[in-house]
Amino acid sequence: MSGLLEDCRRLFATDCLYTLFDCERSCSHTELKRAFYKKSLKYHPDRHDHQEKSEATERFQVLSAAFRILSDKETRSVYDKTGIVGESFSEKSFKDWVDYWTLIFPKVTAEAIIDFADKYHGSKEERNDLIELYKKHKGDMDAIMDSMILAEATDEDRIRKLIEELIAENVLEPLDAFVNEPPKKRANRLKRALKEANDCAKEKKKKSKKDASTDSLLLALQANQQRRLAQSENVLDQLTEKYCKPQNKRKTSKK
């Protein structure tokens, strides 16, 4: 049975619990709770298709266990002084952690999450997150879009414009991966996002109407995501038509 810190290294490439939430060691409980909320939404298994669900479940469990340690004054103090975590999170089931998440955020509804996304989009917080991700991923839009919380394919034009503004303000460097990204790469990214949305819709149909409230909550968010991605189909068609058509073989002239 693996320990929490070992799984932190395996899944997040760090053994620092604060780094999991992109928080400083001096962060307040409120800051930590908000960071946990954002991260747990990103990795909640019900927001991922079947292929990614297993790893997403592990990540969600690790985040929940880490937050539980840091949200308690005594266990946080022990961790800060020694770097040791006492409880093995592996002893708890996924349902235990879902129940724990629901206990922390009892009033969260699908509408509340969508409202949170609307307020986050275009905020100073999103701007700061984007600056950090752009630097971390060296301008790679595949990695940036995958890492941004609650970011959908329909947000890409807005995010790209924000990056361009930050470059114009000399806040960010015009890295080659961003400035010279091949249009075909962007078309493929949108195509993958649309496929993921369709996969989520199929998973939703398999769900029983008697699912737990947390499952229904995340499924409602998925439904909203799919509706927005559906609006991108025309864009995908245009990009695919322009950049993803198979090249015609050259005709050889008969002599």
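This tour moves through a predicted model, going from one buried tyrosine to the cores and then to a pair of packed helices.

Begin by selecting Tyr 18, which lies in helix H2, the stretch covering residues 17-20. With a relative accessibility of 1%, Tyr 18 falls under the 20% limit and therefore counts as buried. If you display its side chain together with those of Arg 76 and Asp 80, you will find a polar contact to the side chain of Arg 76 at 2.9 Å and another to the side chain of Asp 80 at 2.6 Å. Widening the selection to residues in contact with Tyr 18, and setting aside its neighbours within four places in sequence, brings in Cys 23, Glu 24, Arg 25, Cys 27, Leu 70, Arg 76, Tyr 79 and Asp 80. For a distance check, pick the C-alpha atoms of Tyr 18 and Phe 67, which are 9.0 Å apart in space although 49 residues separate them in sequence.

Next, move to Tyr 79, one of the contacts of Tyr 18. Beyond its neighbours within four places in sequence, Tyr 79 is in contact with Asp 15, Cys 16, Leu 17, Tyr 18, Arg 25, Ile 69, Leu 70, Ile 84 and Val 85.

Now select Leu 4, Leu 17, Leu 20, Phe 21 and Tyr 79, the residues that touch the most other members of the largest nonpolar core, a set of 25 residues. Colouring by helix is useful here, since H1 (4-12), H2, H3 (29-43) and H4 (50-71) each supply at least two residues of this core, and H4 gives the most, with seven. Apart from this core lies another, of 23 residues, whose members include Tyr 37, Ala 117, Ile 131 and Phe 178.

Stay with helix H3 and select Lys 39, which is found there. Is Lys 39 buried or exposed? Its relative accessible area is 17%, so Lys 39 is buried. Leaving out neighbours within four places in sequence, its contacts are Leu 20, Phe 21, Asp 22 and Leu 63.

Finally, show helix H8 (residues 124-136) with helix H10 (residues 156-168), whose axes are 11 Å apart and meet at an angle of about 75°. Because of that angle, H8 is roughly perpendicular to H10. To see the contact itself, select Glu 126, Arg 127, Leu 130, Ile 131 and Tyr 134 on H8, and Arg 158, Ile 159, Leu 162, Ile 163, Leu 166 and Ile 167 on H10. Coloured by residue class, this contact shows eight nonpolar, three charged and no polar residues.

Technical notes
Residues numbered from 1 in each chain as written. Predicted model: local features only at pLDDT ≥ 70, side-chain atom pairs only at ≥ 80, totals over all residues. Heavy atoms only, no water. Axes fitted to C-alpha atoms, helices over the stretch in contact; angles between N-to-C directions. Helix = DSSP H or I, 4+ residues; strand = E, 2+ residues; numbered from the N terminus. Parallel < 35°, antiparallel > 145°, perpendicular 65-115°, else oblique. Contact = heavy atoms within 4.5 Å. Nonpolar A, V, L, I, M, F, W, Y, C, P; charged D, E, K, R; others polar. Buried < 20%, exposed > 50% of the residue type's maximum accessible area, 1.4 Å probe, protein only. Polar contact = N/O pair within 3.5 Å; in protein donor to acceptor, adjacent residues only side chain to side chain. Core = buried A, V, L, I, M, F, W, Y, C linked by side-chain atoms within 4.5 Å.
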